[in-house]
Amino acid sequence: MSRRLHTLVVCAAASLTIVSAQQFDAAAIHASAGLPVIHMPMLDSSMRGGQIRQGRYEVRSATLVDLIATAYRVDRDKVSGGPPWINTDIFDVIAKAPASTTPDALRLMLQALLAERFGLQVHPGTKPLPGLALTAGVHLQLKSSNGGESRCRNTAQNGAAVIAISCENVTMTDFAAQLPRLTGAWLMGNPVADMTGLQGGWNFTLKMSGRNWLKAAGSDGISLSEALEKQLGLTLDTRNIPTPVLVVDKVTRTPAPNPPDAERMLPALPTKFEAADIKPSAPGSTQRSFRSQPGGLVELRGFTLGDLIRMAWELTDLDAIDHEDLLTGAPTWPERFDIVGRAGGTERLDSDAVRTLLRTLLADRFGLRSHIQKQPATVEALMAVRPKLTRADPSSRMGCRNAPAPSGSIWTFTVVCRNTTMAQLAEDLPAFGASYIQHSVVDETGLKDGWDFTLNWTPPHLTHAGESASENDPNGGLTIPEALEKELGLKLVTKKRPMDVLVIDHVERMPTEN
């Protein structure tokens, strides 16, 4: 993983010398005005888009970190340096390029645009970053291999309640690289660095409980960390690991003005389906499904009219929470509909494009009229009780990022925030864990400026019925509200506050004929 990333970074930096040959036909950059939907935020990044459709390349609500990571094909966490605002100021980028432009060519074009408009200069470097490290203990329990094929196999037993891993002639470097894949939900996709110092190939077996089944296993359960230590003599812990990064040397906060004719040259995207067929769903149908396919084809099946409105304004993600406080006057009629629409082109539509088309369809076929206005809605107010926060260096980077779970706390999700205001924390909290926080969060702490802090919590399915367990329970954990109060000295209080609410003024129960 590290070697691959380093290669990508070096190649990206080297490409700076040739990007002048790769330019968008036209491009406009604006400070983002947000999206015409009411939606819950995404952790650390609100960026959308990034695909080319009918000659139009569009990235919305992107920070400079998002744009740099996209242009140079690196993880956001591997973008280092730069002023504080590159993690918070958001921009929309709309550009024109041939529809046949390859992803690699798009990245070169975006690199050139960032250099031209923001004066961006970068170089590859190395920086210690928190990560998971596999180290060798005093009492190793590994058998040296005599050769043969190198492989590791994962055999899930009892419906994935038990994970059994068998490795033959595998180096520790390869084993560490495969651990996220082999161990299911235990590592949540976080990479592992080999710091054992062990050479050659090894034969061994490793057996543990599935992460989601550890609590049910009781005293017979064994975690990944315990299995590694007791069965192999290896340790998995969190430490700073030298990591290849892309270092920002120079960037300006205000982009250079757009060329006078840029907006006129940009291709317009359709706002309505070329053709759309709406039919009643099969009798007794209760399942909803959504598919966006190549050729601009969209299929929505089993949706009530209320479902369609919530989807069009991003008030639901189908499988999670409906934010009913942000919607007034929605119909409750039981009729369900199947919709097949075609927007043209050859590409698959992203979710924002589908929402735009769906809003027009609802207006044209169901006579929907609506507006957005401030109304009292249920919110979670973030209050300061006994703050346990460290005042940040104002020159440091702003923002929060996911981090590997610390040693001994493999049950937790960990978010590290630097130079983060309480208003920014309030905006991010619903994205940290919607299962715990089902409303928008507003900052009422009264705390100004930026702060450094770390927040650890446990997902509901790993605690007792979604509730925190006693401190004596090794499988227990903290909910997000509990973690806020215990770790940061903050508290969430449910209140009513004026919020942007979608108000339905008129809608017909049945659509016009196809």
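A charge is taken to sit over a ring if CZ of Arg is within 6 Å of the ring centre and within 35 degrees of the ring normal. In this predicted model, Arg 359 meets that description with respect to Trp 313, lying over the face of the ring at 5.8 Å from its centre. A second arrangement of this kind involves Arg 288, which is placed over the face of Phe 303, with 5.9 Å to the ring centre.

Contacts between aromatic rings were also examined. Across the whole structure, the search returned 5 aromatic pairs. One of them is formed by Phe 175 and Phe 204, whose ring centres are 4.9 Å apart and whose planes meet at 75°, an edge-to-face geometry. This pair joins distant parts of the chain: Phe 175 belongs to helix H4 (residues 172–182) and Phe 204 to strand S11 (residues 202–209), with a separation of 29 residues. Phe 175 has a relative accessibility of 0% and therefore counts as buried. Phe 204 also counts as buried, because its relative accessibility is 6% and the cut-off for burial is under 20%.

Another edge-to-face pair consists of Phe 337 and Phe 366, with 5.5 Å from centre to centre and 75° between the planes. Phe 337 is in strand S17 (residues 336–342) and Phe 366 is in helix H9 (residues 351–366), so the contact ties together parts of the chain that are 29 residues apart in sequence. Both Phe 337 and Phe 366 are buried.

Key. Residues are numbered from 1 along each chain as its sequence is written. This is a predicted model: local features need pLDDT of at least 70, side-chain atom pairs count only at pLDDT 80 or more; totals for chains, interfaces and linings use all residues. Side-chain values use heavy atoms; hydrogens and water are left out. Rings of Phe, Tyr and Trp (its six-membered ring) pair if their centres lie within 6.5 Å; planes under 30 degrees apart count as stacked, over 60 as edge-to-face and the rest as tilted. Helices (H or I, at least four residues) and strands (E, at least two) are DSSP runs, numbered from the N terminus. Buried means under 20% relative accessible area, exposed over 50%, partly exposed in between (1.4 Å probe, protein chains only).
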